[in-house]
Amino acid sequence: MPQVTYIEPDGRVRTLEVDAGSSVMRAAVDAGIDGIEAQCGGNCACATCHCYVQDPWLDKLPPPSDDEALMLSNVAAERRPNSRLSCQLVVEPALDGLTVELPDRQS
Amino acid sequence: MDPQAPILIVGAGQAGVQIGESLRQEGYQGELLLIGNELHPPYQRPPLSKKWLIEPGAHTALALRGADSLRRRRIDLRLDTHVTAIDRAASTLQLASGERLDYSRLAFATGALARALPLPGAALGEVLSLRSINDSGAISAAIRRCAAEQRPVVVIGGGFIGLEVAASARKLGAEVTVLEGLPRLMSRVTAPIVSEAFERLHRAHGVELVFGAQVTELKGAGGRVEAVRTADGREHAAGCVVVGIGVMPDDRLAAAAGLACDRGIIVDDCARTSDASIVAAGDCTARRLADGRLLRLESVQNAVEQAKSAAAALMGRERPFRAAPWFWSDQYDIKLQMVGLSHGYDQVVTRGDLQKPAFSAFYFQSRRLIAVDSLNRIQDHMQSKRLLDHGLSPTPEQVADAQFELQSLLKDAKLATADGA
Ligand SMILES: Cc1cc2nc3c(=O)[nH]c(=O)nc-3n(C[C@H](O)[C@H](O)[C@H](O)COP(=O)(O)OP(=O)(O)OC[C@H]3O[C@@H](n4cnc5c(N)ncnc54)[C@H](O)[C@@H]3O)c2cc1C
Ligand code: FES
């Protein structure tokens with residue numbers, strides 16, 4: 001199973017084994033990772049699942065859809081070049097090791 | 001009251017879970033018990049009229065949080081447990097089993113009940129309403145039967161839930177009739193121009209819309225509904241009926257315990273009730289606004305943000321919920337996103353393409369922006385949310401000018417980051 005590492009807002013680091021096909025958001029809320037709210041449940045409608053993708057993973061991810069890019073335009077925390085919505089990031093074996101940092105606020 | 005007694009949360013839905021989570025984030029170390037009367041672990045309701053209705057899947061896919069999440073936060077979850085009464089003098093709560101639980105502090109997150117149709121025939125088989133996972137499963141099955149038997153699905157009520165069910169039923173191949181008592185769709189919350197866009201959308205997808213329909217009776221045979229009768233004497237054939245006429249905040253326990261209620265548990269913007277040791281959040285509340293009005297919202301954001309306020313209040317802190325309310329609804333390939341409260345608007349300005357449709361309706365009151373409804377215009381929604389949250393307003397002329405960038409107002413206020421275009 002691919003592993004995904006989360007850096008929570010207070011700096012704690014947790015690594016989860018995530019089913020391929022699941023989203024970075026889904027795995028986090030199931031495990032109780034702090035820093036992701038996911039109010040719309042993965043519908044790309046709330047932008048409360050914002051994360052920062054760490055090097056070198058950004059380039060290995062499919063680029064954001066138009067909807068995701070537009071939602072990212074006004075996230076609550078700072079928007080950075082490596083900002084993504086974690087509900088739109090589908091975990092695959094090739095992403096084993098993916099690391100995301102979570103912002104200090106989502107709404 | 002025993003200060004060492006646990007904090008009890010009544011209602012294990014969106015708000016209840018968030019109160020628990022936020023209490024831990026607020027540093028609460030004591031015992032925490034989340035009590036819910038449903039059989040399923042806390043789940044999301046929005047998909048129940050959307051994706052889930054079309055394709056019911058595993059319960060876990062709807063879960064708000066996984067079991068590990070509750071364990072990590074030391075939130076004890078008791079499902080299938082009905083709270084029957086609160087004794088405020090003794091600081092105890094009574095369960096249907098007869099058991100009594102002491103509390104130090106208490107949170108109500110009891111949600112709302114689907115409003116029942118107060119008409120003859122409402123108890124017939126295949127007359128369904130939608131609130132829970134089980135309701136959604138039953139409606140999904142009924143729609144499939146209707147599609148197979150080529151009998152229409154009749155939806156009573158042209159609000160969000162009714163229209164989402166109508167769209168989902170069309171996707172499942174059923175004929176759909178929507179009966180709406182007023183002259184247009186979603187009339188309580190949107191401007192005519194938005195209602196009209198949805199009217200075109202549903203008609204284009206083959207939904208029969210009937211306005212001014214006063215339902216008088218449901219008729220059936222063999223215990224099963226067969227037709228819906230309206231005041232004009234028409235009978236609308238029905239293989240099943242979905243009643244989507246709104247909800248009633250569930251304030252029954254709180255009202256019985258003497259808390260101030262008015263179609264909802266009355267709370268301030270910090271989620272405090274009339275009892276200092278009791279808070280309330282989500283669909284069960286009626287929030288007192290600064291101008292004295294009571295605001296009743298049924299949305300995920302409201303449940304989550306009030307829950308954060310409630311958790312802070314239980315810890316003796318003030319964390320008022322004053323952000324602009326927002327909501328979304330999916331119908332066919334249209335994503336409707338709403339932000340703000342349009343009540344009391346005196347001007348509506350649109351931006352975008354009405355026919356496509358990909359446009360937003362901007363609501364103004366005395367030239368101040370108060371709300372925005374966006375249909376497939378995510379950028380408008382996100383920018384408007386920021387503007388409203390920060391008390392900023394474009395002029396109606398700026399909104400009408402397609403060349404004008406709303407984002408520039410955020411940039412001027414230093415609310416946009418460099419690349420936040
Ligand atoms: C079909 C549908 C579609 C929706 N779509 C959207 C949408 O697109 N966007 C959006 O923002 N919102 C949507 N909503 C609204 C949103 O789901 C609600 O606002 C939200 O669930 C409210 O959360 P809550 O915790 O207040 O109530 P609930 O989630 O209803 O939770 C309350 C819980 O308390 C339990 N309870 C009540 N009384 C007792 C008792 N005495 N003892 C024990 N347990 C008790 C109830 O059984 C329930 O499980 C939708 C709702 C429905 C039904
Ligand atoms: S969970 Fe809402 S946008 Fe990702």
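**View 1. Pro357(B) sits in the loop between strand E24 (347-353) and E25 of chain B.** The peptide bond leading into this proline, from Lys356(B) to Pro357(B), is cis, with omega about -15°. Keep in mind for this and every other view that the model is a predicted one. Strand E25 (358-365) turns up again further on, as part of what covers the buried residues of H6(B).

**View 2. Chain A has a cis proline to look at too, Pro56(A).** Here the bond runs from Asp55(A) to Pro56(A), and its omega is near -5°. The loop that holds Pro56(A) lies between strand E3 (50-53) and helix H2 (66-72) of chain A.

**View 3. Ligand 1 has 32 residues around it.** The closest are Asn37(B), Glu38(B), Lys50(B), Arg131(B) and Asp283(B). Sorted by type, the shell comes out as 13 nonpolar, 12 polar and 7 charged residues. Three elements of chain B, namely helix H1 (14-25), helix H8 (300-314) and E22, each bring at least two residues to this shell.

**View 4. Here are some backbone contacts to ligand 1, with Ser299(B) as one of the partners.** A backbone N or O atom of Ser299(B) is 3.0 Å from an oxygen atom of the ligand. For Gln14(B), the distance from a polar backbone atom to a ligand oxygen is 3.2 Å. Ala109(B) also has a polar backbone atom facing an oxygen of ligand 1, at 3.5 Å. On its own the ligand would expose 990 Å², and the protein buries 95% of that.

**View 5. Helix H5 (160-171) of chain B is largely enclosed by the rest of the structure, because 9 of its 12 residues are buried.** The buried set is Phe160(B), Gly162(B), Leu163(B), Glu164(B), Val165(B), Ala166(B), Ala167(B), Ser168(B) and Ala169(B). From first C-alpha to last, H5(B) reaches 17 Å, close to the 16 Å expected at 1.5 Å a residue. Just past the helix, Gly173(B) takes a positive phi of about 90°.

**View 6. Helix H6 (residues 192-204) of chain B has the length you'd expect from its residue count.** Its 13 residues should span 18 Å at 1.5 Å a residue, and the end C-alpha atoms are indeed 18 Å apart. Buried along H6(B) are Val194(B), Ser195(B), Ala197(B), Phe198(B), Glu199(B), Leu201(B) and His202(B). An α-helix has 3.6 residues a turn, so residues three or four places apart point the same way. The cover over the buried residues of H6(B) includes H5 from the previous view, along with strands E12 (208-210), E22 (326-331), E23 (334-340), E25 and E26 (368-375) of chain B. Just after H6(B) comes Gly206(B), with a positive phi of about 85°.

**View 7. Ala38(A) has a positive phi of about 55°, although it isn't a glycine.** You'll find Ala38(A) in the loop between helix H1 (24-31) and E3 of chain A. Its relative accessibility is 10%, so Ala38(A) counts as buried, given that the cut-off is under 20%.

**View 8. Over in chain B, Ser91(B) is a non-glycine residue with a positive phi, near 50°.** Ser91(B) belongs to the loop between strand E4 (83-87) and strand E5 (92-95) of chain B. With a relative accessible area of 8%, Ser91(B) is buried.

**View 9. Ser86(A) is a buried loop residue, at 0% relative accessibility.** The loop in question runs between strand E4 (83-85) and strand E5 (98-101) of chain A. Leaving out neighbours within four places in sequence, Ser86(A) is in contact with Ser23(A), Val24(A), Met25(A), Ile36(A), Cys49(A) and Cys51(A).

**View 10. Leu392(B) lies in the loop between helix H9 (378-389) and helix H10 (396-400) of chain B.** Leu392(B) is partly exposed, with a relative accessible area of 25%. Beyond its neighbours within four places in sequence, Leu392(B) is in contact with Arg368(B), Leu387(B), Leu409(B), Leu410(B), Ala413(B) and Leu415(B). Take Ala413(B): it's 21 residues from Leu392(B) in sequence, and the two C-alpha atoms are 8.6 Å apart in space.

Definitions and conventions: Residues are numbered from 1 along each chain as its sequence is written. Chains are lettered from A and ligands numbered from 1 in the order in which they are written. This is a predicted model: local features need pLDDT of at least 70, side-chain atom pairs count only at pLDDT 80 or more; totals for chains, interfaces and linings use all residues. Side-chain values use heavy atoms; hydrogens and water are left out. Helices (H or I, at least four residues) and strands (E, at least two) are DSSP runs, numbered from the N terminus. The expected span of a helix is 1.5 Å times one less than its number of residues. Buried means under 20% relative accessible area, exposed over 50%, partly exposed in between (1.4 Å probe, protein chains only). Contact means heavy atoms within 4.5 Å. A residue is near a molecule or strand if one of its heavy atoms lies within 4 Å of it. A polar contact is a pair of N or O atoms within 3.5 Å; within protein, one must be able to donate a hydrogen and the other to accept it, and residues adjacent in sequence count only if both atoms are side-chain atoms. Accessible areas come from the Shrake-Rupley method with a 1.4 Å probe; for residues, only the protein chains shown count as cover. Ala, Val, Leu, Ile, Met, Phe, Trp, Tyr, Cys and Pro count as nonpolar, Asp, Glu, Lys and Arg as charged, and the others, Gly among them, as polar.
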